[in-house]
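Take a walk through this structure, one helix pair at a time. Keep the sequence at hand as you go.

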Amino acid sequence: MTYKQLLHSQSLMITASSIVFPFYLLLLRNLGDSYSQFGLAYGIFALTAALSHPLIGSWSDRVGEKRLLLLYTFGMAVVMIIIPVLTTITQVYIVQIIMGLLGALQKTAEKIALSRQTDRAHRGKQVGHYHLWTSIWAALPVIATGYIIDFLTIGSLFYITSFMYVAAGVLIWQKPKTIELERRHSL
């Protein structure tokens with residue numbers, strides 16, 4: 001995987017999650033009876049991610065960050081299809097555990113891939129550039145979705161993001177172009 005593939009795939013993943021996150025919070029609130037259930041659901045996500053990081057970190061040494069990112073993208077695609085049909089808070093808790101595990105996969109794999117795809121002499125500049133673009137792609141969809149939600153259903157947003165996760169997985173899955181091919185295309 002190249003730096004460009006990582007940047008494009010992560011930007012697409014962040015765009016997808018930014019589109020649905022505000023509406024996922026509304027969904028959680030509508031399924032729960034209280035704010036404590038909402039807090040518990042988010043806490044389950046965070047604790048699952050935290051507790052799984054050491055295992056995922058050691059696992060990444062054996063399977064590689066590309067496979068972890070693929071598991072994350074396709075796993076999130078499936079989760080996004082499931083979310084609109086959730087009907088109970090127990091189902092939400094189960095999805096939160098799954099998303100906690102997947103989030104830990106993504107966070108660990110992203111850091112490993114970014115460290116491998118930047119060169120030591122320019123690492124700070126490349127990481128800064130990476131975060132500039134992934135942050136822009138986190139902000140723009142939230143703004144845009146606020147305007148287009150009147151024309152879509154909340155469920156359709158989850159289906160759109162499922163497709164976006166699959167597209168990000170395809171970007172990761174592609175074989176990187178050789179440096180010579182990239183040089184020719186940039187001329």
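What follows covers helix packing, a charged pair and a surface patch.

The model is predicted, so read every value below as computed from it.

Start with helix α1, which spans residues 3-31. Its axis comes within 8 Å of the axis of α5. The two axes cross at roughly 30 degrees. Angles under 35 degrees count as roughly parallel, and α1 and α5 are therefore roughly parallel to each other. Their crossing is right-handed.

Now turn to α1 and α3. Here the axes come within 12 Å, and they cross at roughly 25 degrees. That angle makes α1 roughly parallel to α3 as well. The hand is given by the way α1 passes α3, in a left-handed crossing. Thus α1 takes part in a right-handed crossing with α5 and in a left-handed crossing with α3.

Next come α2 and α4. Helix α2 covers residues 35-63, and helix α4 covers residues 89-116. Their axes lie 7 Å apart. The packing angle is about 40 degrees. Angles under 35 degrees would count as roughly parallel; α2 and α4 are therefore oblique to each other. In this pair, α2 passes α4 in a right-handed crossing.

Stay with α1 for two of its residues. Leu6 lies in this helix. Is Leu6 buried or exposed? Its relative accessibility is 0%, so Leu6 counts as buried. From Leu6 to Val20 the chain runs 14 residues, and their C-alpha atoms are 22 Å apart in space. Phe21 also has its place in helix α1. With a relative accessible area of 43%, Phe21 is partly exposed. Buried means under 20% and exposed means over 50%, so a residue between these limits is called partly exposed.

Phe21 also gives a link to the other end of the tour. Phe21 and Trp137 are 116 residues apart along the chain. Their C-alpha atoms are separated by 14 Å.

Now look for charged contacts. Side chains of opposite charge can pair when their charged atoms come close. How many salt bridges does a search of the whole structure find? The search finds one. In it, the side chains of Glu65 and Arg116 meet at 3.2 Å, N to O. Glu65 lies in helix α3 (residues 65-82) and Arg116 in helix α4, so the pair ties together parts that are 51 residues apart in sequence. The two partners fall into separate accessibility classes. Glu65 is buried, with a relative accessible area of 10%. Arg116 is exposed, with a relative accessible area of 54%.

Finish at the surface. A nonpolar patch is found there, with about 1,100 Å² of accessible area together. Its members are Leu132, Trp133, Ile136, Trp137, Leu140, Ile143, Tyr147, Ile148, Phe151, Leu152 and Ile160. Which helix gives the largest share of the patch? That helix is α5 (residues 123-148), with eight residues. One of the patch members, Ile136, lies in α5. At 31% relative accessibility, Ile136 counts as partly exposed. Patch residues need over 30% relative accessible area, so Ile136, at 31%, passes that cut-off. Trp137, paired above with Phe21 by a C-alpha distance, is also a member of the patch. Helix α5, roughly parallel to α1, supplies the largest share of this nonpolar surface.

Terms used
Residues numbered from 1 in each chain as written. Predicted model: local features only at pLDDT ≥ 70, side-chain atom pairs only at ≥ 80, totals over all residues. Heavy atoms only, no water. Patch = residues over 30% accessible without salt bridge, like charges linked within 9 Å, V, L, I, M, F, W, Y side chains within 5 Å. Areas by Shrake-Rupley, 256 points an atom, 1.4 Å probe, with all protein chains shown as cover. Salt bridge = Lys/Arg side-chain N within 4 Å of Asp/Glu carboxyl O. Helix = DSSP H or I, 4+ residues; strand = E, 2+ residues; numbered from the N terminus. Buried < 20%, exposed > 50% of the residue type's maximum accessible area, 1.4 Å probe, protein only. Axes fitted to C-alpha atoms, helices over the stretch in contact; angles between N-to-C directions. Parallel < 35°, antiparallel > 145°, perpendicular 65-115°, else oblique. Left-handed = near helix turned anticlockwise from the far one by under 90°.
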